[in-house]
Structure formats: structure tokens, C-alpha cells
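Me: I'd like a close look at one part of this model, the charged pairs, and then at what surrounds them. Keep it informal, please.
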Amino acid sequence: MHKTIPTGEKIVTSFVVGPADTASFGGVEVHPVCSTFAMAREAEWACRQFVLKLREDHEEGIGNGLTIEHKAPALMGQRVDIIATLEACSGNDVLCSWEALANGRLLATGTCTQKVLDRGLLQQRFDRLRDTL
């Protein structure tokens, strides 16, 4: 990971809350609003955009931390904007903060940490794990 991006840079991604995003367990919908799980998935995707810009062709990112504080619901059909902010790059660690908004209303905040590693090294680690099954 030899590329650089200035800290404080922001990337915005968006999604529309759909049926697969609602708070459901075991196929039973609990609430017809965006689940914390779906929000976390979309936040990680937004933060991954920095990894995609920073990594070299032989590297890949892997998540190693995600926090979320869900503050307000997003209704079905609502567009949610995730604003990811690059907080730090140190060695192979990429740290982002993020916030989710719908029509300017704050829905959630959090952080996401990812590591950028050599693809071959990652594959070796996965293969070793598979060998222990």
C-alpha cells in the first residue's frame, strides 16, 4: 500500500432501504425499517472505497473492526447516504469514521478499520484455517 490519500477526505455512497434491509430474524420481520445489520454492511462498503483507492493490484483489504451507534430509523424506500471520512492510514491499517443520513437526519455513526494485505498471504491464512476443519 504505497498510495496516499489525505486524512479528512470523504466518500459518499447511497442505498435505498428495501425489503432485504429490514430488521428480520429467522425470516420474521421485527420492524419495517433499516436494520442495524444492513446499516453496518453499507457503512463497511462506504469505508471500503478508501481501501479500493489505496491498495495495490496484489493487495486486498480485510475488515477488522466496525462500530455502529444507531440513532434513528430509516423507513422502507428511504435513500440513505453514508459519508465515510478517512481518519488515518498507518502501515497497512485504514481507519475511517462514518455517518448515515436520510434527508439530512442523522441515522447512525461509527468507525470502520480495515487492513490491506498481500492477496497471497491472505489466501495462505485462509488455506491454513480450512486445513484445520
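How many salt bridges does the structure hold, and which residues do shared partners join into one network?

Reply: A quick note before the details: this is a predicted model, with local features needing pLDDT of at least 70 and side-chain atom pairs counting only at pLDDT 80 or more, while totals for chains, interfaces and linings use all residues. Numbering runs from 1 along each chain as its sequence is written, and side-chain values use heavy atoms, with hydrogens and water left out.

On to the charges. The structure holds 10 salt bridges, a salt bridge being a side-chain nitrogen of Lys or Arg within 4 Å of a carboxyl oxygen of Asp or Glu. As a general point, side chains of opposite charge can pair when their charged atoms come close.

Let's begin with E60. Its side chain meets that of R55 in a salt bridge, at 3.0 Å from N to O. Both of these residues are buried (buried is under 20% relative accessible area, exposed is over 50%, and partly exposed lies in between, with a 1.4 Å probe and protein chains only). E60 also forms a salt bridge with R119, where the closest N and O atoms are 3.5 Å apart. That second pair links distant parts of the chain: R119 sits in helix α2 (residues 119-131) and E60 in strand β4 (residues 59-70), 59 residues apart. Helices (H or I, at least four residues) and strands (E, at least two) are DSSP runs, numbered from the N terminus. The relative accessible area of E60 is 16%, so E60 counts as buried, whereas R119 is partly exposed at 37%.

Another pair to look at is K115 with D93, whose side chains meet in a salt bridge at 2.4 Å, N to O. K115 lies in strand β7 (residues 105-118) and D93 in strand β6 (residues 93-102), so this bridge ties together parts that are 22 residues apart in sequence. K115 is partly exposed at 27% relative accessibility, and D93 is partly exposed too, at 29%. As for the network, salt bridges that share partners join R48, R55, E60 and R119.

Now for the strands that carry some of these residues. An open sheet of 5 strands has the order β1-β5-β6-β7-β4, with antiparallel pairing; two strands pair if DSSP finds at least two bridges between them. β1 (10-16) and β4 stand at the edges with a single partner strand each, so one side of each has no neighbour in the sheet. On average, neighbouring strands here are turned by 25° against each other, direction ignored. Axes are lines fitted to C-alpha atoms, for helices over the stretch in contact, and angles run from 0 to 180 degrees between N-to-C directions.

At the β1 edge, β1 pairs with strand β5 (residues 79-90) in the antiparallel sense over 7 bridges, and F15 stands opposite V80 in β5. Helix α2, home of R119, lies across β4 and β7 and runs at about 95° to β7. Contact here means heavy atoms within 4.5 Å.

One last stop is the loop between β6 and β7, where you'll find N103. Its phi is near 55°, a positive value in a residue other than glycine. N103 is exposed, with a relative accessible area of 74%.
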